[in-house]
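Me: I am new to this structure and would like a close look at a single part of it. Please take the place where the ligand sits and go through its surroundings.

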Amino acid sequence: MKLTWLGLILVAALAACSSNATVGDDLEKRVDELISQMNLEEKVAQMAGNGAMPLPDGGLLWIAPGVERLGVPPFVMSDGPRGVTAAAGATTFPVGLARGASWEPEVERRIGAAMGRELEAIGGNVLLAPTINNLRHPSWGRSQETYGEDVHHLSRMAVAFVRGVQEHAIANPKHYAANSIEDTRFDVDVTVDERSLREIYLPHFRAAVLEGGAASVMSAYNSVNGQFCGENEHLLKQVLKTDWGFDGFVLSDFVFGTHSTLGSALNGLDLEMPAPQVYGEPLLSAVHDGDVPESVIDDAVRRMLRKKLEYGLDQPNDLDRSVLASDEHLALAREASVKGSVLLRNESSALPLDVGALERIAVIGVLADTPNTGDTGSSDTEPAFVITPLQGIQDAVGDEVAVDHIGTDVLDPEDIATLEAADAVIVVTGLTAEDEGESLIGAGDRVDLGLGAERVKLIRDAAAANDRTIVVLEGGSAITMGEWLSDVEAVLMAWYPGQMGGHAIADLLFGDASPSGKLPITFPTGLDQLPAFDNESLEVTYDYFHGYRYVDRNDSVPEFPFGFGLSYTTFRVDNLRASESEARAGDVVRFSVDVRNTGLVAGAEVVQLYVTYPESAVMRSERELKGFAKVTLGPDETQRVEIAIPVNDLAYYDVAESVWALEGLVHEIHAGTSSRDLPLSTTLSVAAARPVLVY
Ligand code: BGC
């Protein structure tokens, strides 16, 4: 963040030993002063975008005006889930789901900071990211943008990204809330009971706002319980602004996200984007007619102004464009792809490939040499280059190994002969922007979770020709593999791996790094293991269970469970201990586990803690992720890993009394390396308490 006049006030205030309250008071005083100098027209004008500013190289930044005569700066926005979309040549990172699979919030904080810095360099100050909707079903076309299916994991990643972005700009967690169907996204009404809403669909927004300090939130297109999210009294006024005490601003999703002047203004929407439709003139008239009190306008303007000053938007940006795709940011994109790729299968140690022991390999499939960085929706970026898997592999093996490239998905007899002659075959396949993405400007939702007949045949033909067939899969969500999985030796899920993905894939294939990604979503064997996905009806119901909570409840065995991922080494977890065996509301209990690398190479493991509620009197998930930590270990190395769980995180939402409550229960805590591999357990007795603060 830049040092602004406000920063100077802060420093001066601290030097004079003033309290934080005084600092905050100074800011609020300044905000009030500015508002008192604005006329109604100026205030209302700030509540709607006024178009876009084209950049010299073709990008677009969305603008929401300030008040020039008073030196109040505008908001200048770009999309950002996988990179700053407005800037041609900005870094394209792996998509959110790939980064979620790293289970490394610190890497995500650095990515947020890199995007924030690149946005600053092109004159922007609000990044329309992160996307943090739960991946309720892998058919969702925008699955790739979010971090995963679990609230705790989503919260940790969201907080990290928001903090990183806000080192340079304002972050904008989206889409609030229950937004996880594309094809009906503008009209669908999601009925969701209050407990599911509070425990499953909202906690990561709460974390992004309260822990991450997000200065803004974007409301979703869909409606929730009969009211569009851009004018949803419960979501905006009650939960976000009252219960959580959010002091930032809410902006609408673009063009189709607002529906009525009074509904939006009276229920808490502060900024309509990207242009006035229900705000602007209609809002001005509504104030003149007495339908919207001026205090409502003042509140919205105050929220925006507060953040403009807090984040120094009135100061010139550091416009040094050399940060765009700088070496540092490209290295980070590669690191993120290495850390987020998930090794799903590795029979007979087919991977890693030993360059010294290979003479020729075949790299096949349309995607082998195709840039494949994600969908064509609002998160689409314009990287200056993309390292494809083929290029990464060629760079890694140099002249030491002959690489036969077959760039088609349909093999002829000559191709088969080439595969038969190879020491190993690498099939690069998966999904593309033609299979999944944002609706209207992308492919929308997926109806089938498989790869389609042609790509399945490609894999099977390759496996029939060569018994060392390795599949590198790209895509933004779960893919079913039953038709071909047992035919191949190894599967590496690389997601949409960003512009440095080819290098990252090669790093993993040839053992320069050991895979350490873990699935942040369940990979089912088929649709029958999942809740229904309905992208046709305009009324759907979301309940408490999806993802691992759903397969656990039904006792089904997914293809690959939540939290799963292999490595080139092996780990052993031991000695789960808790700092206390009894705890009460407000306590933080520290759990620790010994992790030992029992294999021959360095690697990283993610220790995961899940809580079960054996005697609970209320409906609960079979188990819930409540903590995790990733640890890197050399061969034979052991480290004690500590994971803290705030006891209040074990509370449930008591709908009848509208409070969070802790049950007086013996909780079981299970530790291990995936949701279905939990060899260690201990117990924690918690005293009943209500209400408890979960934020
Ligand atoms: C998307 C948002 C995006 C906005 C601006 C909308 O269609 O849903 O995620 O930020 O467009 O591009």
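Reply: In this predicted model, the side chain of R185 has an N or O atom 3.3 Å from an oxygen atom of the ligand. K174 also takes part: an N or O atom of the K174 side chain is 2.9 Å from a ligand oxygen. For Y221, a polar side-chain atom lies 2.7 Å from an oxygen atom of the ligand. Taken alone, the ligand exposes 310 Å², and the protein buries 93% of that area.

R185, K174 and Y221 belong to a longer list of residues around the ligand. That list also holds D79, L128, R142, H175, M218, D253, F254, S378 and E438. By type, the shell divides into 6 charged, 4 nonpolar and 2 polar residues. The space that the ligand takes is the second largest pocket.

As for the chain as a whole, the domain assignment gives domain 1 as 1-35, domain 2 as 36-322, domain 3 as 338-553 and domain 4 as 571-686. The C-alpha centres of domain 2 and domain 4 are 33 Å apart. The contact between these two domains takes 13 residues from domain 2 and 14 residues from domain 4.

Technical notes: Residues are numbered from 1 along each chain as its sequence is written. This is a predicted model: local features need pLDDT of at least 70, side-chain atom pairs count only at pLDDT 80 or more; totals for chains, interfaces and linings use all residues. Side-chain values use heavy atoms; hydrogens and water are left out. A residue is near a molecule or strand if one of its heavy atoms lies within 4 Å of it. A polar contact is a pair of N or O atoms within 3.5 Å; within protein, one must be able to donate a hydrogen and the other to accept it, and residues adjacent in sequence count only if both atoms are side-chain atoms. Accessible areas come from the Shrake-Rupley method with a 1.4 Å probe; for residues, only the protein chains shown count as cover. On a 1 Å grid over the protein atoms alone, a cavity is a set of points where a 1.4 Å probe fits but cannot get out, and a pocket is an open set with protein on both sides within 12 Å along at least five of seven lines; lining residues have an atom within 4 Å of a point. A molecule sits in a cavity or pocket if more than half of its atoms lie within 2 Å of its grid points. Ala, Val, Leu, Ile, Met, Phe, Trp, Tyr, Cys and Pro count as nonpolar, Asp, Glu, Lys and Arg as charged, and the others, Gly among them, as polar. Domain bounds come from an automatic or database domain assignment. Contact means heavy atoms within 4.5 Å.
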